[in-house]
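Trainee: Could you choose a single part of this model and take me through it closely, with the cut-offs behind each term as it comes up?

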Amino acid sequence: MDLENYNCVLCSEQTEESIEHLFISCQFASEAWQSINLSVNSGMQPLQNLEFLRAQINQSFFMEIIILFCWAIWMSRNNYVFRDIPPSVQGCKTIFRAEFLWLLCRVKSKYFPRIQEWIDNLP
């Protein structure tokens, strides 16, 4: 797309939006991760952050959490860009919860209790 500006719309840093910025080093992303008791480190490479998140989550479904939370950040961004809905950490968390509940519709029954417990224990 040819746009006037490629800066991140979720923060005031005037930083060009990149995958790394949007999901890791953006202040909004950092606060959003913290809202579910996870942290990212902007000083680490993306793959190092994946391992860092994996260790914090310590569940077999860690990748589902990471992917769906990145999706929630992306949707928060798109809601602002295309629908003029101001981004909020609480809104991001709401998107994440809703998407994660959809995941429960597809999960094997033996995994359901652990995943449900993890969701229920979110702050």
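Mentor: The account that follows deals with helix 4 and with the parts of the chain that cover its buried residues.

The model is a predicted one, so that local features are reported only where pLDDT is at least 70 and side-chain atom pairs only at pLDDT 80 or more, whereas totals for chains, interfaces and linings use all residues. Residues are numbered from 1 along each chain as its sequence is written, and side-chain values use heavy atoms, with hydrogens and water left out.

Helices here are DSSP runs of H or I of at least four residues, and strands would be runs of E of at least two, numbered from the N terminus. Helix 4 takes in residues 62-83. The expected span of a helix is 1.5 Å times one less than its number of residues; for the 22 residues of helix 4 this gives 32 Å, and the C-alpha atoms at its ends, 30 Å apart, agree with that value. The residue that follows helix 4 is aspartate 84, with a positive phi near 60°.

For burial, a residue counts as buried under 20% relative accessible area, as exposed over 50% and as partly exposed in between, with a 1.4 Å probe and protein chains only. By that measure the buried residues of helix 4 are Phe62, Ile65, Ile66, Leu68, Phe69, Cys70, Ala72, Ile73, Ser76, Arg77, Asn78 and Asn79. Their cover includes helix 1 (19-25), helix 2 (27-35), helix 3, helix 5 (89-104) and helix 6. Serine 76, which lies in helix 4, has 5% relative accessibility and therefore counts as buried. Its contacts (heavy atoms within 4.5 Å) are with Leu10, Phe28, Pro87, Cys92 and Ile95, once residues up to four places away in sequence are set aside.

Next to serine 76 in the list of buried residues stands Arg77, which also takes part in a salt bridge, meaning a side-chain nitrogen of Lys or Arg within 4 Å of a carboxyl oxygen of Asp or Glu. The structure holds 2 of these. In one of them the side chains of glutamate 17 and arginine 77 meet at 2.9 Å, N to O, and this pair joins distant parts of the chain, since glutamate 17 belongs to the segment before helix 1 and arginine 77 to helix 4, 60 residues apart. Arginine 77 is buried, at 13% relative accessible area, whereas glutamate 17 is partly exposed, at 23%. The other salt bridge, between the side chains of glutamate 51 and arginine 54, has an N to O distance of 3.9 Å, and its two residues both lie in helix 3, 3 residues apart, about one turn of the helix. Here glutamate 51 is partly exposed at 47%, and arginine 54 is partly exposed at 40%.

The aromatic residues deserve a separate look. Rings of Phe, Tyr and Trp (its six-membered ring) are taken as a pair when their centres lie within 6.5 Å, and planes under 30 degrees apart count as stacked, over 60 as edge-to-face and the rest as tilted. The count by this rule is 7 aromatic pairs. One of them is the edge-to-face pair of phenylalanine 61 and tryptophan 118, with 6.4 Å from centre to centre and 85° between the planes. This pair, too, links distant parts of the chain: phenylalanine 61 sits in the loop between helix 3 (46-57) and helix 4, and tryptophan 118 in helix 6 (residues 112-120), 57 residues apart. Phenylalanine 61 is buried at 5% relative accessible area, and tryptophan 118 is buried at 14%. Ring pairs join Phe61 and Trp118 with Trp33, Phe69, Phe96 and Phe100 into a cluster, and Phe69 is among the buried residues of helix 4.

Not every residue of helix 4 is buried: tyrosine 80, found in this helix, is partly exposed, with a relative accessible area of 32%. Tyr80 forms a nonpolar surface patch with Val9, Val81 and Phe82, about 340 Å² of accessible area together. Patches are made of residues with over 30% relative accessible area and no salt bridge, like charges being joined within 9 Å and nonpolar side chains (Val, Leu, Ile, Met, Phe, Trp, Tyr) within 5 Å, and accessible areas come from the Shrake-Rupley method with a 1.4 Å probe, only the protein chains shown counting as cover for residues.
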